[in-house]
Amino acid sequence: MNNSSYYEDRLADVIRCETELTEISQMAAHLAELVHDQAPTLEGIYENVNVANLHLDGVIANLQKYLARMGSNEWLMIKVFSLI
């Protein structure tokens, strides 16, 4: 009698483990599907970041040119005021 109860408990545990493993497998499959579906979005973000970096490089170059011109204008103003 005690032996029968033990085996029934073990059978119930095995069935519960199998059910939980099936649920975990389904969750993993769902997660893989979600990750796969997000790939185009991530690629779009990656491309947008690359474009933004290119624009920033252009902005930095233009600011450096502007700063160089401002420096030469300051020297020009100093020369003009020194002549006056």
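Me: Before we start, what does "buried" mean here?
Reply: Buried means under 20% relative accessible area, while exposed means over 50%, and partly exposed is whatever falls in between. Keep in mind that this is a predicted model. So the cut-off for calling a residue buried is under 20%.

Me: Okay, what share of the 84 residues counts as buried?
Reply: We go by that cut-off of under 20% relative accessible area. Across the 84 residues of the protein, the share that counts as buried is 0%.

Me: How many helices and strands are there, and is the protein spread out or a compact globule?
Reply: The protein has 1 helix and 0 strands. For 84 residues the globule rule gives 12 Å, but the radius of gyration is 35 Å, well over that, so the protein is more spread out than a compact globule. The C-alpha trace fits this picture, spanning about 115 × 25 × 10 Å along its principal axes. In short: 1 helix, 0 strands, and spread out.

Me: Which residue does Asp13 form a salt bridge with?
Reply: In general, side chains of opposite charge can pair when their charged atoms come close. Asp13 and Arg16 sit 3 residues apart in helix H1, so about one helical turn separates them. Their closest N and O atoms are 2.8 Å apart, and the cut-off for a salt bridge is 4 Å. The partner of Asp13 is therefore Arg16.

Me: Are Asp13 and Arg16 buried or partly exposed?
Reply: Asp13 has a relative accessible area of 27%, and Arg16 comes in at 46%. Partly exposed covers values between 20% and 50%, so Asp13 and Arg16 are both partly exposed.

Me: What kind of aromatic pair does the structure hold?
Reply: There is 1 aromatic pair in the structure. It is made by Tyr6 and Tyr7, at 5.5 Å centre to centre with 65° between the planes. Planes over 60 degrees apart count as edge-to-face, so the pair of Tyr6 and Tyr7 is edge-to-face.

Me: Is Tyr7 buried or exposed?
Reply: Its pair partner Tyr6 is partly exposed, at 46% relative accessible area. Tyr7 has 54%, and the exposed label needs over 50%, so Tyr7 is exposed.

Me: Which residues form a nonpolar patch on the surface?
Reply: One member is Met27, which lies in helix H1, residues 2-83. Met27 is exposed, with 55% relative accessible area, and a patch residue needs over 30%. Together the members have about 330 Å² of accessible area, and they are Leu21, Ile24 and Met27.

Technical notes:
Residues are numbered from 1 along each chain as its sequence is written. This is a predicted model: local features need pLDDT of at least 70, side-chain atom pairs count only at pLDDT 80 or more; totals for chains, interfaces and linings use all residues. Side-chain values use heavy atoms; hydrogens and water are left out. Patches are made of residues with over 30% relative accessible area and no salt bridge: like charges are joined within 9 Å, nonpolar side chains (Val, Leu, Ile, Met, Phe, Trp, Tyr) within 5 Å. Accessible areas come from the Shrake-Rupley method with a 1.4 Å probe; for residues, only the protein chains shown count as cover. A salt bridge is a side-chain nitrogen of Lys or Arg within 4 Å of a carboxyl oxygen of Asp or Glu. Helices (H or I, at least four residues) and strands (E, at least two) are DSSP runs, numbered from the N terminus. Buried means under 20% relative accessible area, exposed over 50%, partly exposed in between (1.4 Å probe, protein chains only). Rings of Phe, Tyr and Trp (its six-membered ring) pair if their centres lie within 6.5 Å; planes under 30 degrees apart count as stacked, over 60 as edge-to-face and the rest as tilted. The radius of gyration is taken over C-alpha atoms; the globule rule is 2.2 Å times the number of residues to the power 0.38.
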